[in-house]
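Colleague: I'd like to go through this model and ask what stands behind each label. Can you put it up?

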Amino acid sequence: MSSFDYDLFVIGGGSGGVRSARLAAGLGKRVAIAEEYRFGGTCVIRGCVPKKLFVYASQFHEHFEDAAGFGWTVGESSFDWKKLIAAKDIEVARLEGLYRKGLESAGAEIIESRAELTGPHSIRLVKSGKVVTAERIVIAVGGGANPHAALPGHEHCITSNEAFHLEKLPRSIVIAGGGYIAVEFANIFHGLGVDTTLIYRGKEILSRFDHDMRQGLHQAMEAKGIRIICSDLMEKVTKTAAGGLSVETLNNGTLSADQVMLALGRDPYTTGLGLEAAGVAVNERGAIVVDAYSRTNVPGIFALGDVTDRVQLTPVAIHEAMCFIETEFKNNPTSPDHDLIATAVFSQPEIGTVGLSEEQAASRFDEIEVYRAQFRPMKATLSGRAEKTIMKLIVNAADRKVLGAHILGHDAGEMAQLLGITLKAGCTKDDFDRTMAVHPTASEELVTMYSPSYRIRNGERV
Ligand code: FAD
């Protein structure tokens, strides 16, 4: 019997922490997991899940409009923000309950408290002041929205956290940022009828995505009525006498809005965690430094998920947790595989993507083939909605391997999940070509683009 109180102590009850604790407890280990806020973490409580529910809510007005082209007459419609928040809160609470139940059934001890390290094997439970010990510790505390403390007036702004609980829907909002959270919320608010402006310091939104996706989405959002200001930033936010906010920008004068939302990236949540007491090393961004097996520099202490700043996505945190369990408790050393992660932007239209963008592939391979299709989705023919779907496959000319697949259009996220399997399996363009189409679908385009739209040889388009 070990002299420690626990075989495993997990700090943080989010995606990565819960999975680690549940699996280890299921293996008969003595496990405790501490959570300072709500079980489920960012994803369930104030991230992926409530966000996607908001996305659905924001799409209905277009559905109502589109219905007319199919013969429907839709009566007068109205939207009730408070009802949406209440319904969302019920669903989030249900999921939180499932997370707790999963932990309890597996036999993990649930501790509702902030936990801080006091040494390489010891943790202080802030609520009770009690110090406990563990043979292994997993730090899965996630990240927090960058508050942009250098911005005068940042205290008047909200982040995605508050966006899920606003007392009332603003009439207008300025959102700062060009990442997926900024873009998704711009679409959500606009869809709910809010006058929306997105301001981003870069040249184009969604910096690491394929250029066709970025431009295509930018145009689609502007066509809907979202104002997008690139190559600019907010310099100051002040409260107006009327109770609104005034935003001074560097290049575009003053903007006014009811709310200003900062979506400027997420920082690892390591402040005050006791990392110094335990001797755990962090990088310049405050992220915990780990090796390929999520081991920190201190034997027995591991870190996974957003706090390590590898890839900030829920399935990645879960995968890292599962690899940790395999390695530490199943004697099967497994390091997380961060290659070819399929992902989506739940904008309107959506982006679904996996693998290299055209630019990345062109800089890494001598010659690539780009297969590109742009078309009007079938539903838009009768609805009359002016919208375009873009599909792209990036192929290495040398061995025909598909290096990247990118979609802008309805259900692109769903398609990206399946494309992820094909790229992971190392499929070639010939595999795509000999796959029978599913007709009539949008995705059949992926297996019917027989000749390249263009090639890029040594960085030059030919
Ligand atoms: P978290 O889920 O953040 O969990 C950390 C937990 O630790 C939190 O519950 C926190 O309260 C707790 N905690 C922190 N410090 C302590 C402490 N000292 N003691 C006790 N408890 C502590 N990802 C996707 O894959 N798809 C999406 O569509 C998506 N959308 C998102 C939308 C938004 C608005 C946001 C903010 C994020 C989104 N993400 C999405 C990212 C995803 O939520 C994170 O990648 C994921 O939650 C990371 O899991 P984690 O376990 O590392 O941390």
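Modeller: Sure, and keep in mind that this is a predicted model. Let's begin with a cut-off: a polar contact is a pair of N or O atoms within 3.5 Å.

Colleague: What makes the ligand's approach to Asp-306 a polar contact?

Modeller: A ligand oxygen sits 2.8 Å from a polar backbone atom of Asp-306. The limit is 3.5 Å, so the pair qualifies.

Colleague: Which other residues offer the ligand oxygens a partner, Lys-51 and Leu-313 being the ones I'd look at?

Modeller: Lys-51 uses a side-chain N or O atom, 2.6 Å from a ligand oxygen. With Leu-313 a polar backbone atom is involved, at 3.2 Å. Both values fall within 3.5 Å, so both pass as well. As for cover, the protein hides 95% of the 1000 Å² of accessible area that the ligand has on its own.

Colleague: How many residues surround the ligand?

Modeller: There are 38, and the closest include Gly-16, Glu-35 and Thr-42.

Colleague: On to the domains. Why is the pairing of Arg-385 with Glu-65 called a salt bridge?

Modeller: The N to O distance between their side chains is 2.9 Å. The rule asks for a Lys or Arg side-chain nitrogen within 4 Å of an Asp or Glu carboxyl oxygen, so this pair fits. Between domain 1 and domain 3 the count is three salt bridges. Charged residues number five on the side of domain 1 that touches domain 3, beside four polar and three nonpolar ones.

Colleague: What is the area buried between domain 1 and domain 3?

Modeller: About 980 Å², with carbon and sulfur atoms giving 50% of it. Lys-52, Asp-66 and Phe-70 supply 44% of what domain 1 buries there, more than any other three residues.

Colleague: And how far apart are the C-alpha centres of domain 1 and domain 3?

Modeller: They lie 32 Å apart; twelve residues from domain 1 and seven from domain 3 make the contact.

Technical notes
Residues numbered from 1 in each chain as written. Predicted model: local features only at pLDDT ≥ 70, side-chain atom pairs only at ≥ 80, totals over all residues. Heavy atoms only, no water. Domains from an automatic or database assignment. Contact = heavy atoms within 4.5 Å. Buried area = accessible area lost by both parts, 1.4 Å probe. Nonpolar A, V, L, I, M, F, W, Y, C, P; charged D, E, K, R; others polar. Near = heavy atom within 4 Å. Polar contact = N/O pair within 3.5 Å; in protein donor to acceptor, adjacent residues only side chain to side chain. Areas by Shrake-Rupley, 256 points an atom, 1.4 Å probe, with all protein chains shown as cover.
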